[in-house]
Amino acid sequence: RVTDPGMVAGVRYEMMQYMKFDQGTWVFPKPKVSALPTLSRQSLRLGRTLPLHAVTRGSSGRLYTRSRYALTDAYRLCGLGPDTTLLAPAYHCRTMLDPAIRLGAEIALYALRPNLAPDFEALEASLARCDKAVTALLVTHYFGFPQDLKPALAFCEEHGIALIEDCSHCLIAPLEASDLGQVGRYSVWSPYKFFPCEDGGVLWANHGAPLPSAPPRSPSISTELKGIARSLQRSWEDRKPLNAKALEQDLEILHGSPAGVSHDNLHCSAETSSQYDADLENTENLAGSRWIIRRTDIERLTSLRRKNYLEWAQAVAGLPHCHALFPVLPDACVPYMFPLFIQYPDVHFLALKSLGMTEWRWDDMAISSCPVAMDYRLHLLHLPCHQELTRNQMLWMTTAVSKVLTQIPATRLAA
């Protein structure tokens with residue numbers, strides 16, 4: 001398969017090539033804070049329920065256990081398969097590519113600008129290099145910040161390509177006034193990233209596009225019970241108090257410890273990642289998750305996510321060696337996570353992980369010629385800002401980031 005057709009080490013490659021971070025000899029503790037919302041007594045508003053049709057948009061939507069499987073159907077319905085190509089963003093999670101690989105399609109990665117908007121000059125060049133018919137373009141609304149889709153829609157109409165919106169980082173329901181998820185032929189959404197439930201993915205078909213003809217499978221009773229057990233366990237584990245004052249002592253211990261050795265591994269694969277389970281295709285999400293989605297306090301969810309995001313923005317504003325990717329939060333935006341660019345990931349990312357900081361990044365990524373994607377792969381951290389974070393947890397995380405970036409020299413932990 002071709003990813004951004006070109007040369008690697010002087011050899012034209014035909015399989016997907018990935019660069020993957022390997023922690024090597026580093027030993028990291030379990031993250032102290034959940035990256036995604038866990039269920040609490042304040043999460044639900046039992047006297048008021050969100051109609052399910054607000055999530056599925058009536059008969060135009062379908063529920064899945066994860067949006068990656070919704071993408072599989074979206075790609076398939078757009079004609080993606082052998083002898084066809086998907087145009088996908090160079091900065092990506094593996095699960096954005098897995099469905100196309102599952103269908104046997106080729107993937108061409110297009111370049112992005114520093115604000116993660118598509119670079120349309122580079123996109124035209126990517127299209128021109130494709131040997132096989134391009135049937136779909138995937139555009140992602142990163143971190144909940146809506147993209148301007150007018151240029152993408154014009155590009156697709158000009159070239160006869162289906163536009164697919166990746167709204168996995170967005171809160172959709174019940175924002176009826178928003179056109180999020182309604183511009184592309186298909187769009188996908190991940191409710192479990194916003195609601196304190198175990199799973200959830202949604203596929204929307206727009207402009208009269210068809211949904212899959214086969215009815216979705218319902219999870220088994222045992223799967224439902226396991227989901228309830230996991231939800232309760234995660235909620236219990238996430239309520240342990242943290243001591244921000246102890247960070248000074250933790251940093252002293254870290255200073256006195258020998259540095260570990262980490263690696264970047266280049267590997268090739270023609271298979272889907274370990275995050276894709278073909279047995280879960282066309283499977284509906286848990287009934288327990290749907291119950292929680294319908295009864296979550298949306299106003300609380302929205303206001304607290306925005307509050308936590310703004311607290312992050314203020315906390316890092318004056319720190320060295322970093323900057324917020326999106327320091328300004330638009331009025332209508334409900335953020336997924338707080339994206340923080342750090343200048344020295346080989347030092348500060350590893351130090352934060354050693355303290356038990358919850359920080360995600362897409363460091364297992366297909367190689368491309370996009371400098372933004374290759375830079376963000378290791379430098380861009382995804383920090384929690386969800387509504388179930390306690391004041392204690394926010395204080396601990398912002399203090400940890402502040403102390404690491406101001407107290408640990410850029411060369412201290414370099415391997």
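Visitor: How do you know that β3 is joined to β11?

Guide: Seven bridges join β3 to β11, and the two strands run antiparallel. Two strands pair if DSSP finds at least two bridges between them, so with seven bridges β3 and β11 count as a pair. For instance, Asp-22 has His-263 in β11 as its bridge partner. By the way, this is a predicted model, where local features need pLDDT of at least 70 and side-chain atom pairs count only at pLDDT 80 or more, while totals for chains, interfaces and linings use all residues. Residues are numbered from 1 along each chain as its sequence is written, and side-chain values use heavy atoms, with hydrogens and water left out.

Visitor: What makes β11 and β14 edge strands?

Guide: Each of them pairs on one side only. The open sheet has three strands in the order β11-β3-β14, with antiparallel pairing. Its neighbouring strands are turned by 25° against each other on average, direction ignored. Such angles are taken between N-to-C directions, from 0 to 180 degrees, with axes fitted to C-alpha atoms (for helices, over the stretch in contact).

Visitor: Which strands does α3 lie across?

Guide: α3 (94-102) lies across β3, β11 and β14, at about 150° to β3. Helix α11, residues 371-379, lies across β3, β11 and β14 too, running at about 175° to β14. Contact here means heavy atoms within 4.5 Å. The names come from DSSP runs numbered from the N terminus: helices are H or I with at least four residues, strands E with at least two.

Visitor: How do you know that β12 and β13 pair?

Guide: Three bridges link β12 to β13 (residues 337-342) in the antiparallel sense, so they meet the rule of at least two. One of the partners is Leu-340 in β13, bridged to Ala-324. These strands belong to an open sheet ordered β12-β13-β15, with β12 (322-324) and β15 (380-384) as its edges. The twist from one strand to the next averages 30°. Helix α9 (residues 298-316) lies across this sheet's β12, β13 and β15, at about 20° to β13.

Visitor: Why is α2 called mostly covered?

Guide: Nine of its 11 residues are buried, and buried means under 20% relative accessible area, found with a 1.4 Å probe on protein chains only. Among them are Arg-68, Tyr-69, Leu-71 and Asp-73. After α2 comes Gly-79, with a positive phi near 90°.

Visitor: What makes a space a pocket, and what makes it a cavity?

Guide: On a 1 Å grid over the protein atoms alone, a cavity is a set of points where a 1.4 Å probe fits but cannot get out, and a pocket is an open set with protein on both sides within 12 Å along at least five of seven lines. The largest pocket has a volume of about 980 Å³. Of its 37 lining residues, Cys-93, Gln-275, Trp-360, Arg-361 and Trp-362 are the closest to its centre. β3, α2, α3, β11 and α10 each supply at least two residues of that lining.

Visitor: How many cavities of 30 Å³ or more does the structure hold?

Guide: There is one, and about 40 Å³ of space lies in it. Leu-52, Val-55, Leu-63, Pro-191, Asn-285, Arg-290 and Ile-293 line it, each with an atom within 4 Å of a grid point. The elements giving two or more of these residues are α1 (52-56) and α8 (287-295).

How values were computed:
Points joined across faces, edges and corners; volume = space filled by probe spheres on them. Buried < 20%, exposed > 50% of the residue type's maximum accessible area, 1.4 Å probe, protein only.
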